[in-house]
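Colleague: I am new to reading structures, and I would be glad if you could take me through this one slowly, feature by feature.

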Amino acid sequence: MPYVKQLKIKGQLYWYMFHTIRSGKKYLKRSKYLGKELPKNVEKLKQEFLEEIKGSKLPIKATKHSKLVETLHPLERKILPFLKNIKNSKDLVKESKLQEVEVTRALQWLGNKDVLSLKKTTKEIIELDKNGKDYLEKGLPERRFLNALDSPLSLKEIQKKANLQKDEVNACLGLLKKRGLIALGEKIKRLKLTDSLLDLSETFLKSLPLNNKSLTEEQSFTFNEFKKRKNIIKENLVKERTIELLDLGKELLKENLNVDLIETLTPKMLNNESYKNKRFRRYDVKINVPKIYSGKRHFANQSIDYAKRIWTDLGFKEMEGNIINTSFWNFDSLFTPQDHPARDLQDSIFLKKSGKLPKFFKEVKEMHESGDKNSKGWNYSWDKEKAKKLVLRTHTTVLSAKTLSKLKKEDLPAKFFAIGRNFRNETVDWSHSFEFNQTEGIVVDPNANFRHLLGYLKEFFKKMGFDNARFRPAYFPYTEPSVEIDVYHPIKKQWVELGGAGMFRPEVVIPLLGEDIPVLAWGPGFDRVMMDYYKINDIRELYKNDIKQLREIKTWLK
Amino acid sequence: MPTVNLNKKQFETLVGKSLELDKLRDRISMLGTDLESIEGNEITVEIFPNRPDMLSEQGFARAFSSFIGIKKGLREYTAKKSNYEIIIDPSVKKVRPYTACAVVKNLKFNDENLKSIIQLQEKLHTSYGRNRRKVAIGVYPLEKIKFPIDYLALPPEKIKFTPLEYSEVMNAMQILTKTNTGREFAHLLEKETLYPIFRDKNNSILSMPPIINSNDSGKITETTKDVFIECSGFDLNSLKKCLNIIVTTLADIGGVIYETKLKYKKPITTPDLKPEKIKLNTNYVNKILGLSLSEKEIKSLLEKMGFNYNKNEVSIPPYRADILHEIDLIEDIAIAYGYENFEETIPNVATIGSESKLSKFKRKISEILIGLKFLETSTFSLSNKNNLNKKMNSKKGLTQVESPVNSDYDTLRSWMLPSLMQVLNTNKHYEYPQELFEIGTIFEDIKESQSLSIVKCEGNFTEIKQILDLLMSSLNLEYEIQEDNHSSFIEGRSGKIIIKEKNLGFLGELSPEVITNWDLELPVSALELNISKLFKILNS
């Protein structure tokens, strides 16, 4: 019987109720808090307390495998007893009256728990086909043919009386004649009343389905006869599992499997508290669960977004603009001479169309043809039409040129960036693509110098995860000094080339800005950076859009 | 970019020093040339197009040896006076108006340096000479030639000689069609009525530039001692530079250079080996490079790059073709100083960074769709007619690019949906549903916009409209769907998306024909929405 007692906790006195119960060989003490004051209806509370304890989840009497039993799914518990005698899944389905999938799953689970082992076998099963089913019901055509011949009849009469199709009648004629059961004439006459072969055929149909491997000689004969005829029988490959109960399984069968466990907690249970006196089935919490997928940005865009944030953090404004540009903006404004190889049809992607030139094109033309007081220019005759030709931008530097042309003196110092797609007329292979990404930046500042250029680049690549960057001399028609950026690849243990940078030549800046102000500029490729992070070796993968890869590739974590 | 192969031993002799492998690698890279490989005795280096003077072993060694401080400063080259004359006939004006020539004597060719000279000629042809269009070079054994030489143009049928490495006489047309070099460069003459030739006093044709030399008078061997060199093309300045590069290289293997007199309307003498002078402001140098170099230091750095400096004036060697502006000298100073020695720094300049509004808008839309478990794709902006129109049962006007190398990607995409259909098509073996979206550039004629497409496979009209509905309510926009007859969709199951009375896109269930054209086996619903226009509306 429960008893009450006052306990002192942190200097305060509280009333509790206690009761001791026995579980197997153990004693368990249960308690309940009553309050600071002893309630008046103590006796009633004692009764309630007892009820509560009785209905509480006491451990089931512990046996060797009780925990395993609690883990079993209802389907597993259901099929286990049948496994004493049944050794294949097909019979198991029949006997347990469960669905085939249910049995399959239960067997698999039990297999995973080492309760049993499964062996897959395949059997050829002979079954009734469309016509076979029909004949089983109505009788074989030859039987109906014979039955119709109470007296000699014409073919038409037989067909009508026996309710046969024309082709069936023809088949019967041949077959019955061969067996000497009928005599042909104007009217057909029955010669014999019984035929053992016909009986055999009928018995065979009735006995289906049969295993092809276990046919008797007679069955085998009939089977071959039927095989020649249309849609009477068919052979099916049936996969079957043979089950072997392992030691654990045999022990498990000795356990009480008839335990009442809650499978799924339902709103109804919560409402009527019916869960209170029951236990839940234990789950295998280590089990693998089916994969689910989230929506995701394309991994390339994840890294582009990150790079954008680096530039904005460093005080750069984003530039944007069209992919289609005149050659003027893509090449001429960047002091790239008109006979430069990049301007060949086989190097860049041109359109068979022309665009308009901005007003200041003459200053660019002059710079190309004869330079200015400080520059010799390229010394050739500049062709306006060539400058008008439209091209898919070959570098994001075209955005920098356009930005410079719009910049006013009072906007300085100014810093801009862009990350975007560029195009070149190239066949696709593991390291080349006709579309590629570039990260572009310019710093327009009367006080900017070469060391700043290297500083910005080093910082950017450090933030992109390349702690070690080096700079080498390079050549671009529009920058001087020019820089090639290499980053050190810690795994490949070598320098990897990432792309170009430099300070825009005065011949570029003066026509665009109106005066010679230092402009730091860079446009390293961005695809290699991404490929390195995602451990992609083939550039084609960036644009492949393999859904599995998109779903499962690691998230950009920088 | 052109590469040169160097014989390591010979290179070291020319440089005057042999370096350890690592040091050699490092110095070659830091000189502004791209080291491809060092294998055994062969060094392969990529030369940037601004330094055609480094396309030979001799030229490369010359630059390298000053760079590492062995033979610093300007190298003087001189040309001896002579009476060699080349008469330029006005008939060449239209086809190939200029030539610059020289004679070099006392050459001692051997297997190695002959290889290097031939390599130089070839590389100059392809790079600086723009595949012989801009500059073509001819070298001839002097003993076979009788001066004066005529440079003139004749009708092709009148040009007859035995081309180099052939044994029979051919006319110009035959040369262009029958010889390998003829076929390769025929496009440079084809359209002309007169073809240029060099012809000597004996009336024998030396060559037909820019195609081929004569086998009789245009073949150099190891026993050749004296040579005549001509460069022909369209711009006299480039021809002179190119000629200087060749003659200085020949001088480096012991040759003695002689001038030639070119009888243009206004006669000139080439080669001109006098160093050009250019002003250099030392303050400008320091401002650009962010350094504080003294004049003495600048002088010494310039000498490492083969220049001389005297009182704000720099003497440029005759073979340098890339010095247009003092900024080009500043780069050479930076290279001599060593890019690795610059201390990188970020200046303390306050500017405010920002993402473009359109970028931000695109990102927001992507975030909404990702919340709906959609996967973003990233496809090419180029496609083809079959994908854009035929498979979509559509007849939009398309823009093709010129001379595409990829026939699968020869057309600017006019809408996004075909790109996503292509993705569905290549991913049939993966789990469904497949729900994709992308915002990409589309081209209507040459007008560009950003367009969003969403596909749901499998999906129906209600589901795709629900997505539009959610998108619109997230953007706080009213929209209306008007019945449409879009040919890619099932009749009666497609609509135009109308926002603020503007047609911004469409949605619907794709027709079974389109679905099967893409080899898909499940129903697809889709929408396409012009994000650029939408952005405009939201910001108006």
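**A helix and what covers it**

Modeller: Let us begin in helix α4(B), where B:Asn113, B:Ser116, B:Ile117, B:Leu120, B:Gln121, B:Leu124 and B:His125 are buried; a residue is called buried if 20 or more other C-beta atoms, placed from the backbone, lie within 10 Å of its own, exposed if 12 or fewer do, and partly exposed in between. Please keep in mind that this is a predicted model, in which local features need pLDDT of at least 70 and side-chain atom pairs count only at pLDDT 80 or more, while totals for chains, interfaces and linings use all residues. Residues are numbered from 1 along each chain as its sequence is written, and chains are lettered from A and ligands numbered from 1 in the order in which they are written.

Colleague: What covers the buried residues of α4(B)?

Modeller: Helices and strands are DSSP runs numbered from the N terminus, a helix being H or I over at least four residues and a strand E over at least two. The cover of α4(B) includes α3 (57-67), β7 (135-141) and α7 (236-252) of chain B.

Colleague: How many residues does helix α4 of chain B have, and what span is expected?

Modeller: The expected span is 1.5 Å times one less than the number of residues. Helix α4 (residues 111-126) of chain B has 16 residues, and from first C-alpha to last it reaches 23 Å, close to the expected 22 Å.

Colleague: In what order do the strands of the open sheet in chain A lie?

Modeller: In general, strands of a sheet pair through backbone hydrogen bonds, either parallel or antiparallel, and two strands are taken to pair if DSSP finds at least two bridges between them. Here 3 strands of chain A form an open sheet in the order β7-β4-β8, with antiparallel pairing. Its edge strands are β7 (210-211) and β8 (233-245) of chain A, each of which pairs on one side only. Strand β4 (residues 116-128) of chain A is joined to β8(A) by 13 bridges, and A:Ile126 stands opposite A:Glu235 in β8(A).

Colleague: How many residues of chain B are in contact with chain A?

Modeller: Contact requires C-beta atoms, placed from the backbone, to lie within 7 Å. By that test, 72 residues of chain B are in contact with 80 residues of chain A. Among the elements that each supply at least two residues of this side of chain B are α2 (21-30) and β24 (434-444) of chain B.

Colleague: And how should I picture chain A as a whole?

Modeller: Chain A has 22 helices and 20 strands, and its C-alpha atoms fill a box of roughly 125 × 110 × 45 Å, taken along the principal axes.

Conventions. Contact = placed C-beta atoms within 7 Å.
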